[in-house]
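Me: Could you take a close look at one part of this protein for me, and then walk me outward from there to the rest of the chain? I would like one connected account that I can follow with the structure open beside me.

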Amino acid sequence: MFSLYENHSICAKLYKREVLITAFESIPFVYCNLAESYLFFFFIVLNSHKFIGINTPVYKYIINTGLTSGKKIDTLDKCKSICSSASVFTVIFDFLEKNNHTIKLNEEEITKIGENLLILAKQSIDQVEKNIIPELKEQAQEILLNYWGENIITVVKNKLNQNNK
């Protein structure tokens, strides 16, 4: 289901109105400026019964032009925006936990969500470590920990250290 789609963008797709309404009603209010399309797509797929695709590209996504562009992070609000992608997974995992009797994801789907979580956590860590101005470094680290949690940050940093060896 969910893991079958590598492109989690909600752009360049047609949806039935009812699917979108049901999907968006399932999403609680959450502060999230990054990866929000991943969250939307998760609930859209969950509420869809049929998928039809074409091989013709109809949408060009430009990467690294916004918050993830590598520009200096000079405010704590920008730092919060970057770390807010963690909220996507909080919503997804809370939803799955509350609906575990009706929503069953297979192992591949759960693995794919976990992989995407680690990718976005790594992006947050990279942004905070490489692009935050020195005066905000300590506060930015706190924001990173508050959004992602110490366990996720530790797992990602350990994987990074293993890859650097």
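**Ser 26 and its surroundings**

Reply: Ser 26 has a relative accessibility of 25%, so this residue counts as partly exposed. The cut-offs explain the label: buried means under 20% and exposed means over 50%, with partly exposed in between. Please keep in mind that this is a predicted model. You will find Ser 26 in helix 1, which covers residues 17-26. If you set aside the neighbours within four places in sequence, the contacts of Ser 26 are with Phe 43 and Asn 47. Another residue to pick out is Ile 44: 18 residues separate it from Ser 26 in sequence, and their C-alpha atoms are 9.6 Å apart in space.

From here, let us move along to the loop that joins helix 2 (36-46) and helix 3 (76-83), where Tyr 59 is found. Tyr 59 has a relative accessibility of 41%, and therefore counts as partly exposed as well. Together with Ile 54 and Val 58, Tyr 59 makes a nonpolar surface patch of about 340 Å².

Next comes helix 3, and with it some buried residues: Cys 79, Ser 81, Ile 82 and Cys 83. What covers them? The cover for the buried residues of helix 3 includes helix 4 (86-98), helix 5 and helix 6 (137-148).

Helix 5 is a good place to go on from. Helix 5, residues 107-131, packs with helix 7, residues 150-164, at an angle of about 85°, and the two axes are 10 Å apart. Because of that angle, helix 5 is roughly perpendicular to helix 7. On the helix 5 side, the contact is made by Leu 117, Leu 118, Ala 121, Lys 122, Ile 125 and Glu 129. Helix 7 contributes Ile 152, Ile 153, Val 155, Val 156, Lys 157, Lys 159 and Leu 160.

Now step back to the chain as a whole. Its secondary structure comes to 7 helices and 0 strands, and read from the N terminus the order is α-α-α-α-α-α-α. The chain has 165 residues, of which 35% count as buried. Take the contacts between residues at least 6 apart in sequence: 80% of these join residues at least 24 apart. As for the outside, the chain exposes about 10,800 Å², and 54% of that is supplied by carbon and sulfur atoms.

Notes. Residues are numbered from 1 along each chain as its sequence is written. This is a predicted model: local features need pLDDT of at least 70, side-chain atom pairs count only at pLDDT 80 or more; totals for chains, interfaces and linings use all residues. Side-chain values use heavy atoms; hydrogens and water are left out. Helices (H or I, at least four residues) and strands (E, at least two) are DSSP runs, numbered from the N terminus. Buried means under 20% relative accessible area, exposed over 50%, partly exposed in between (1.4 Å probe, protein chains only). Contact means heavy atoms within 4.5 Å. Accessible areas come from the Shrake-Rupley method with a 1.4 Å probe; for residues, only the protein chains shown count as cover. Patches are made of residues with over 30% relative accessible area and no salt bridge: like charges are joined within 9 Å, nonpolar side chains (Val, Leu, Ile, Met, Phe, Trp, Tyr) within 5 Å. A salt bridge is a side-chain nitrogen of Lys or Arg within 4 Å of a carboxyl oxygen of Asp or Glu. Axes are lines fitted to C-alpha atoms, for helices over the stretch in contact, and angles run from 0 to 180 degrees between N-to-C directions. Angles under 35 degrees count as roughly parallel, over 145 as roughly antiparallel, 65 to 115 as roughly perpendicular and the rest as oblique.
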